[in-house]
Amino acid sequence: MQNTISKPKKILRPRRTLNRLALAFVAICVAGLGQYSFQKQVISDGIILYLIAIFLFSKAIGVIENRQRYWITPYRGLFNHLGIAEQKWQHIAGGVCLILALGISYFGMIKFEVVESYWLGWNMYVWSLLLLIAGTLILTKPSSYSIVRRDSSMSRLRWFALFAIILLALFLRLWQFDSIPFGVWYDEAEAGLQARRWLNEPNFKTPFYEPINISGQFIMLYAMGLQWVSDSVYGLRINSVMFGVLGVIAAFLFGKELRGTSFGLTMAFFMAIMRWSIDFSRIAMTGIDAPFFILISLFYLLRLTKRGNLRDAVFAGIALGMGLNFYTAFRLFGVALAIFVIIAALIWHQWLKRATDKQFWLRLIVRGMAIVLAVWLVFMPLGKYAIKNPESFGRRMQMTSIITKRDDPNLISAISTTFKKHVQMFHIRGDNNGRHNLPGEPMLDPIMGMLFILGIGLALRNLFSKYAKPTHLFFFILMPISLLGGVLSLDFEAPQGLRSIAILPAIAYFCALPVAGLAIESRHALRPLSTKWLVIFASLMGLYMAGLNANVYFFKQANDFSVWNSYSTPETITARQMSKFGPDYQYHLSPFLVNHPSIRFIAPNIPYQKPLPLPDALPIRSLNPRPTILFIHPDDRWVFDEAQRIYPAGQFEVFTNDNSPPSVFMAVLRENDLISIRGIELRYWAGSEIRHDQIPIKAMRVENINVDWENTIPLTPPFIAEWTGILYAEQYGLYQIHVTAPDETILEINGTTVISGTDSQDVTWELAKGNHAIRLQAKSGTGHVNLSWTPPFAQKELIPEGAFYSHPITNNGLMGRYYMDTNWQGIATMVRIDPFLDTYFHFTPLPRPYSVEWTGLLETPTSGIYGLGLQSVGVSELYIGDNLIVRSDVPNSYVENSISLKAGMHNIRVRFQDTMDRSQIHLYWRSPTMGSIVPIPSQHLYPPLGSAWQGDKPFEAPSSDFEAKPMNLSHAMSLQDGLSQPRDITVGADGRVYVADVGVKQILVYQNGQLQDSWSETSDGAFVEPLALVTSSDGNIIVLDASQQWIYRLTPDGKLISKIGGPDARLYNPRGMTIFSQDGIPDALIIADTGTGRLALYDVNGISLGSIGMFGDGPGQFNEPVDVLRDEFGTYFVVEGSNIRRWQRIDSYGKPLAVWPIADTPVAFDGSHMAWAADGSILMTNSHKHAIRRFTPDGELLDEWQAIASIQFKKPVGIFVDKEHNQLYVSDVETGKVHVFNVE
């Protein structure tokens, strides 16, 4: 027989396995489409696609369980022996330790009856736990469990994988640990404060701290972090990092015990990279501890059911007890565990009936008792507190319960809505709280989201298999139960990632199931290929998933303003700045910031802190001024704007995250800043009456009204002394006001004459709390002039210096009368002038309920249609005159109405009822020139002003005999030699032309069109920014150097005579200046002080003559005044910058006479300048429109030139009319020339 050699058969891959793997891949692709649909908010399509994916994946992977009938037979470990040690001494020593543990715990519980003995109770508690652990270890045999097991060995690769996962978990929780999150949240700071008390106060060892719902064990951990790591928030947060990483290790231990090493590594990986876990692992709050204690409890319970060792029962009890001591979400795990045990008992009851061995039941009871006793020993301090103080223990839960507090009045509807939101938070829209999540971002990354759904589907398929593991059932129970923490809490917070955090172990489990199934199928499908390719692929996918979560947390979430600002960021910035500046400053804080735990924790050694008394926050009223810093919440932005207006020389800073909205404002004020607004203006006028075109011959600021003309006469009589300013009344009531004077006096308060006559006079006058405009005129005579008062319930006194304020303090605002009822009836309990009606009542002025009625005047700058609106928490009404315009009765709802108003003053009345928490009122307008809604600025509100203003009374300007004449201009020549950026021009008495040039920082002198001289410096130093020039009546040249705030008086040859102003003058970037002369007294300079919004007056000898106006947008107020002219009536024409786009006319007291818009106003630096033409018309440059314009004194446009002859204007700025030679000079900054035109 011939031997034949048969060919070896070719080994074929099982077609069925390849098909399954391909089908699983298709299922994953379909799931990806479902996830994409969810991200696009096409929810119905997403659900359908996911259902298809679940079906395909379940068909592909099939049953993944070992073929043991778990539903029929529970784990055999419950039938094993208890694992008691064999040596007698171990029985005795272990028993003694356990008895001592119980005894010490009992006496410790007694010590927790009295606060003073808490410290001893804690010592006993710690010793009882140590004895419990020691007794358990002595009494029981070591478990047969080992991380390295024969049936599932930990190879080097797996050891490396575990080490890498732990390192990854540490990296994701410690990278940029000092900057993300940026702020220190309220609960973190409060926990830190209590931890410091734990360390520093022997009697503060509370078992439970109700305000933030944390146990004494957690405070103890925080105290250890502060003491051993860092006395800062990082010492607190390291505990959360620890729990986050321990949760990863616990996931590995549980997963390995359940299904082997690979499954344990997979669960650990998901716990390590899950952004949900990362977020709460980096903030010092309870929460992240719950997943750790759930997983470690499951680990020991699983070991107990598999091995039956009593040691595992005790350690399971310790884990359960510790979990109960920490976040409340863990208690839901206890509920889920109880439900699972009941269901399991029902399923196994037929088999258990056959377990007739008494030893089995005895061992089962012993294990149960060991768990219960361990739980109680660990939970004892908190359990004792809960029994003794049930209301305190459950208050936080009650406060956050949907049953007691919700927006939806229908409880069923509210629960249904929150349940829906919580179901959707994994894939569609997550937690909106910036501390918990990137607002709205799904809680799971797309890949984990897909795995989670596929895992649930796979578990459902296996749940009803005869080989199903009980863990499927348990996690299906845990999943909805753990969501109840969020579902049953406040509906407006849904979905809630923190209160649902107990679901994290279920997420890790269900995500690991499809990975395990794919791994099994892949090993079969790709055989005989090496599994290292699977490892490489899995590693790359893992890194990609880690990158997805890291990108969202460290970049998108960290740079999101709502996230950045949600960690008490305004308070954190405030505290860090306070620590930086130290205790030598006095700090004034917005009410929102006052006494905040974050500030007290970060800046514990700052003694001088005061709340800003809103709405009358400014000026800072301190009898002994010291360096002061204001920290202002964004809701009080107007305080910051007002501080910049009042204290222009202060240091101001806005803190924000890149280009996001402001988080907090800071104003640093020196003593000089605070003093600069103190006192009252005193002016002396020559003669026995004040003429409308007259200027004072002397002006100064004095501390109070108290002069002695008997021994010191300020100037030759007759004269009039006039004090003007603001009088601050610290309390509301009747004041007896007393004037002493040698001759006739007139005293006006808020425009009402209250005293008029000669010699000493008294009057009783009601003053509201707040600022009042005051004016006192006294004619010259021999004797004293003083003003004193008798405040309510006080003695007569000279009105002190702290009661007087000058520019830029005003009495703007509305007068509010506050009533103790809600109907504005009876006698007002309090009357005060409130500068703003844009207020959140953080501190209510009266106990609720109360009502307020504000009255006064509304100033409208232009005629037109105004939108007036109210937004309030509490009923509010707005009246113009006697007409009801707006009523708001829906909390926090904006209501607006339109009304036609003429330019001028209008009577306004606002009523408000404060009957509920979080009360606030905001008065808005939409002016004809402004499309947006803004709070009505204080500058447009006035209290009742007596005869000084009348509602609906129009502005009146003095009439003139102006008659427009034709003006013809012809080009004479252009000056260019030496010029770079010429800004202003003047002509001297000898005909020489002087040009101020900021480009070369010189004054250039021309004669007959030729450069004759140049001045780059004076004997006082070099010019920095020479912007304006005038010629005095005595032929001297006066130069305004804006940057240095100095005004130099020079001879026609450039020799320094004197200088005016400087830092003490508090000028801020002035841009324009004019001069005029009066018979018998020195010339007067009027400076347009652009930065402070006023006109500053000096005589040429440097004596201050006071100031006119203030910063603001209303008529008579200035927003970046650029230049000024004065006419024969003593009125002023002021042109402003592009912020307000107008020019206006005011009288010598600052009362507005006319306002004219300029639609194309240039910015202030290149702003319009003015000059009088020979016929009384006004010539004005406009660099934005490259033009020269001519107006009547009534604001009517007469002419406009963009070119004259061959001269095309590019950027005309400076202008001067030489009336003697009938020539017009115009400086063009862009071309670097001064053009000279003949005027005919």
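**Exercise 1. Salt bridges and the Lys-388 pair**

Determine how many salt bridges the predicted model holds, and establish which parts of the chain the pair of Lys-388 and Glu-113 ties together.

*Solution.*
Step 1. The count comes to 43 salt bridges.
Step 2. One of them joins the side chains of Lys-388 and Glu-113, at 3.8 Å from N to O; the cut-off for such a contact is 4 Å.
Step 3. Lys-388 belongs to helix H14 (residues 358-388), while Glu-113 sits in the loop between helix H3 (88-111) and helix H4 (118-139), so the contact ties together parts 275 residues apart in sequence.
Step 4. Lys-388 has a relative accessible area of 43% and is partly exposed. Glu-113 is likewise partly exposed, at 36% relative accessibility.
Step 5. The pair also belongs to a network of salt bridges that links Glu-113, Lys-384 and Lys-388.

**Exercise 2. The pair of Arg-237 and Glu-188**

State which helices are tied together by Arg-237 and Glu-188, and decide whether these residues are buried or exposed.

*Solution.*
Step 1. The side chains of Arg-237 and Glu-188 form a salt bridge with an N to O distance of 2.6 Å.
Step 2. Arg-237 lies in helix H8 (residues 233-259) and Glu-188 in helix H6 (residues 186-200); the pair therefore ties together parts separated by 49 residues in sequence.
Step 3. Arg-237 and Glu-188 are both buried.

**Exercise 3. A salt bridge between strands**

Locate Arg-701 and Glu-681 in the secondary structure, and classify the accessibility of each.

*Solution.*
Step 1. In the salt bridge of Arg-701 with Glu-681, the closest N and O atoms are 3.0 Å apart.
Step 2. Arg-701 is in strand S9 (residues 698-702) and Glu-681 in strand S8 (residues 680-686), and the two residues are 20 residues apart.
Step 3. The limit for a buried residue is under 20% relative accessible area. Glu-681, at 13%, is therefore buried. Arg-701, at 36%, counts as partly exposed.

**Exercise 4. The largest cavity**

Give the volume of the largest cavity and describe its lining by residue and by class.

*Solution.*
Step 1. The model has 9 cavities of 30 Å³ or more, and the largest cavity holds about 160 Å³ of space.
Step 2. Its lining consists of 20 residues, with Leu-618, Glu-642, Asn-771, Thr-810 and Pro-835 nearest the centre.
Step 3. Helix H24 (residues 637-646) gives the most to this lining, namely 4 residues.
Step 4. By class, the lining comprises 11 nonpolar, 6 polar and 3 charged residues.

Key. Residues are numbered from 1 along each chain as its sequence is written. This is a predicted model: local features need pLDDT of at least 70, side-chain atom pairs count only at pLDDT 80 or more; totals for chains, interfaces and linings use all residues. Side-chain values use heavy atoms; hydrogens and water are left out. On a 1 Å grid over the protein atoms alone, a cavity is a set of points where a 1.4 Å probe fits but cannot get out, and a pocket is an open set with protein on both sides within 12 Å along at least five of seven lines; lining residues have an atom within 4 Å of a point. Grid points are joined across faces, edges and corners, and a volume is the space filled by probe spheres set on the points. Ala, Val, Leu, Ile, Met, Phe, Trp, Tyr, Cys and Pro count as nonpolar, Asp, Glu, Lys and Arg as charged, and the others, Gly among them, as polar. Buried means under 20% relative accessible area, exposed over 50%, partly exposed in between (1.4 Å probe, protein chains only).
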